[in-house]
Every structure is written in structure tokens, then in C-alpha cells.
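Colleague: I have a model open on my screen and would like to understand the words people use for it. Could you take me through them?
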Amino acid sequence: MLIDWKNVERVLVIRLRSIGDTVLATPSLIALRRFLADAQIDILLEAWVAPLLDGFEGLDSVIAVGKGASKRLSVARWLRQNRYDVVFNLHGGTTSTLFARATGARHIVGNANYQFSFLYDHLLSSSSDFWKREHTHSAEQQMALLGFIGVPVSDDIRTRLDLLPAAEASVNARLAGVLGTDGSNFGLIHPAAAFATKQWATENFAVAAEHLAIKGIRVIAIASKAEGHILEKLQQLSSVPVITFNDLTLPEITALASKAKMFVGNDSGIAHIAAAVNTPTVVVFGSSNRNHWRPWTDAPNEIVYEPFTCQPCAGYECKVFGEPRCILSVQPERVLAAIDGLI
């Protein structure tokens, strides 16, 4: 069943899950808007991450879904009423599949390896089949879902985030308070990560902070409130001043990252935010799939890692050594060299 794109007026993209997943969906959104200049293009995101794409050029609406059956049922009903012509599910989990079917759209697009794949109208065999190579990036995997049913895509479409004026003004005010007139001379450090297998030691980030200071670059470190203890430890271990923020919204983090001379951090959603605003990035990798999760940007970037035969893994725990040697083995000197390379 082919899609008559001339008659497509409403498109929904579903991308539940995390910050990084959301950022890496932006090349697909860019490709869709280029192809369907006059169509309504909406995206469904989890409520906590939805502000990241507020104001994104090319989107007509960001639909936020909260937790709980009543909230999800309400969103499902709203989706049904909106009468989408085409739905792309970039995630494939059970919840996102149920939302896709709830739309009643004639064309629902997903991957053949999705659970409940029989509920889809168009199934891509694999992104490797589409791109004709073994290894594909997350951004490419998502674009492949569009490409195989006729949306022009290219692997040179990079991630992009737009700045909200209110968030930018808020960040400018905070930078003026801590940096004075030198508001753009800082490096941004994100020392936290979702799993221990992805979190470089805080004492190593302290060394990186000291190295930036030697180069004449001030240091700002960010994390969530729940990760505030990591920021406190970083300040204690560093011999140079480290300014910390643990209360920034996602749009404010985006604005802050756009002003930094450089980002240094773990493989995380914050690293993808920095890459999407064209900030030079140094990303330390542990258990993650580097082919899949490296920065998807044309800005200068370096990934630093120690190769292990067990990489990549799910990352929840180290089942080979009992401790995450992959991330523990990355020496500070290698990250400092990467920093120097970007400076």
C-alpha cells in the first residue's frame, strides 16, 4: 500500500523515551518539513522531555504525554480526533505502538523488529538494508523509516535545536551574575550519566576542569537536582573554581550549551544537546554503542574510549568484570588531549 504524499495533510511522529532519543529525532523532523512544507507535523513526546522541542522550527505541535492511565487515555483520544494521515513510530515500544494505533491513521510506519509489528501498515526490514551498510547511527535509523516509504533523507542532515528567547534571556542573566562581562568564556561539564557504566569518575572531571582553567577557560558544570551530590564532589575535588547549576530547564540547558566554548561530558542526552547547538564536544564513552550514539553534528567533536570486546552492552551493570572497566579505564590524559585538539 503506497502513500499518496500529495494528499497527506497531517503527520504524527512518535518518539517516547529520553533526551538523547528526542534530539536524535530532529534530523527526521527536518527531512519531513523539507518534504511536506505545508502539512501539519506534530510530535508526541513524554511530558518531562517535551519542552526540549518547544519552538522547534518545522513542528506545528509538541504533544506531551504524562504518566498514568488517565493521562494516556486522554492523549490517545485527542490523537484520534486529529485524524492523522501518516504516523511514524520512531521508538517501537508497547506504549508507543498503542498510541500509533489509537490515531486510526491509514498509514502507520515502523520497523520489522518492533514488538506487535503486525499492527503496522509499513515495516522497514532494517536501517542497514536502507543505508546499505552494517553500522548505522540512531539518527540514521530513524531517518530510514521515512526514507523507505518515499521521504527524501540524507545522512548529512544533522541534529538541531532552536533556542527559546525566554530561556536565552534567563541564561544570559545567570551568566552575567557569575561571569560578569566574560559571559561566553566558559567550558560546560556534565559529569553525570544514567548508569555507572557510562559515568566517568568525578575526580577525572576535576582534572578536566583544572585543564580548562589552565587554558584560561572558566568552568560551569550542570546536573539535575537529584545529581547535585556529583556537582558538590566535583567542586571539592577541583583546585579551580567550578560554577554549578542543578536547576536549569531543558530549554535553559540548550541555551547555556550554545554559549559554551566547549562541552566535556559523558555519553548522555546533555552531550547530544550540546552537539545539536554546534558546540564543540568531547564525549567519554563506556558501555555505549559508539556507532549508534556518537555526536551527530558537523561541529568539531571527539569521542574518547577504551576498547573492550564486550562493548557495547545494555549498560545496566557490568556482567563481565563486576565493575565497569570500560569507563574506569579511560585515562584523563586522553580526554585532556581531546580538549587540546578542539581548542
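Modeller: Gladly! Let's start with helix α10: 9 of its 10 residues are buried, so α10 is largely enclosed by the rest of the structure. This is a predicted model, in which local features need pLDDT of at least 70 and side-chain atom pairs count only at pLDDT 80 or more, while totals for chains, interfaces and linings use all residues. Residues are numbered from 1 along each chain as its sequence is written, and side-chain values use heavy atoms, with hydrogens and water left out.

Colleague: What makes a residue of α10 buried?

Modeller: Buried means under 20% relative accessible area, exposed means over 50%, and partly exposed lies in between (1.4 Å probe, protein chains only). The buried residues of α10 are L250, P251, E252, I253, T254, A255, L256, A257 and K259.

Colleague: And what covers the buried residues of α10?

Modeller: The cover includes α1 (19-23), α7 (165-179), β7 (186-190), β8 (218-222), β9 (243-245) and α11. Helices (H or I, at least four residues) and strands (E, at least two) are DSSP runs, numbered from the N terminus. α10 also lies across β7, β8 and β9, at about 135 degrees to β7.

Colleague: Why are α10 and α11 called oblique to each other?

Modeller: Helix α10 (residues 250-259) and helix α11 (residues 269-276) pack at an angle of about 55 degrees, with their axes 8 Å apart. Axes are lines fitted to C-alpha atoms, for helices over the stretch in contact, and angles run from 0 to 180 degrees between N-to-C directions. Angles under 35 degrees count as roughly parallel, over 145 as roughly antiparallel, 65 to 115 as roughly perpendicular and the rest as oblique. α10 and α11 are therefore oblique.

Colleague: Which residues make the contact between α10 and α11?

Modeller: On α10 they are L250, I253, T254 and A257, and on α11 they are I270, I273 and A274. Contact means heavy atoms within 4.5 Å. By class, the contact of α10 with α11 has 6 nonpolar, 1 polar and no charged residues. Ala, Val, Leu, Ile, Met, Phe, Trp, Tyr, Cys and Pro count as nonpolar, Asp, Glu, Lys and Arg as charged, and the others, Gly among them, as polar.

Colleague: Now the sheets. What makes β9 and β12 edge strands?

Modeller: The open sheet has 6 strands in the order β9-β8-β7-β10-β11-β12, with parallel pairing. β9 and β12 (301-304) each have a single partner strand, so one side of each is left without a neighbour in the sheet. Two strands pair if DSSP finds at least two bridges between them. β7 and strand β10 (residues 262-266) pair over 4 bridges, and I189 has V264 in β10 as its bridge partner.

Colleague: How do you know that β1 pairs with β2?

Modeller: 5 bridges join β1 to β2, and the two run parallel; R10 stands opposite Q40 in β2. Another 6 strands form an open sheet here, in the order β3-β2-β1-β4-β5-β6. Strand β1 (residues 10-14) is mostly covered, with 4 of its 5 residues buried.

Colleague: One last residue: why is S138 called buried?

Modeller: S138 has a relative accessible area of 2%, so it is buried. S138 is found in helix α6 (residues 138-147). Leaving aside its neighbours within four places in sequence, S138 is in contact with R15, L24, H292 and W293.
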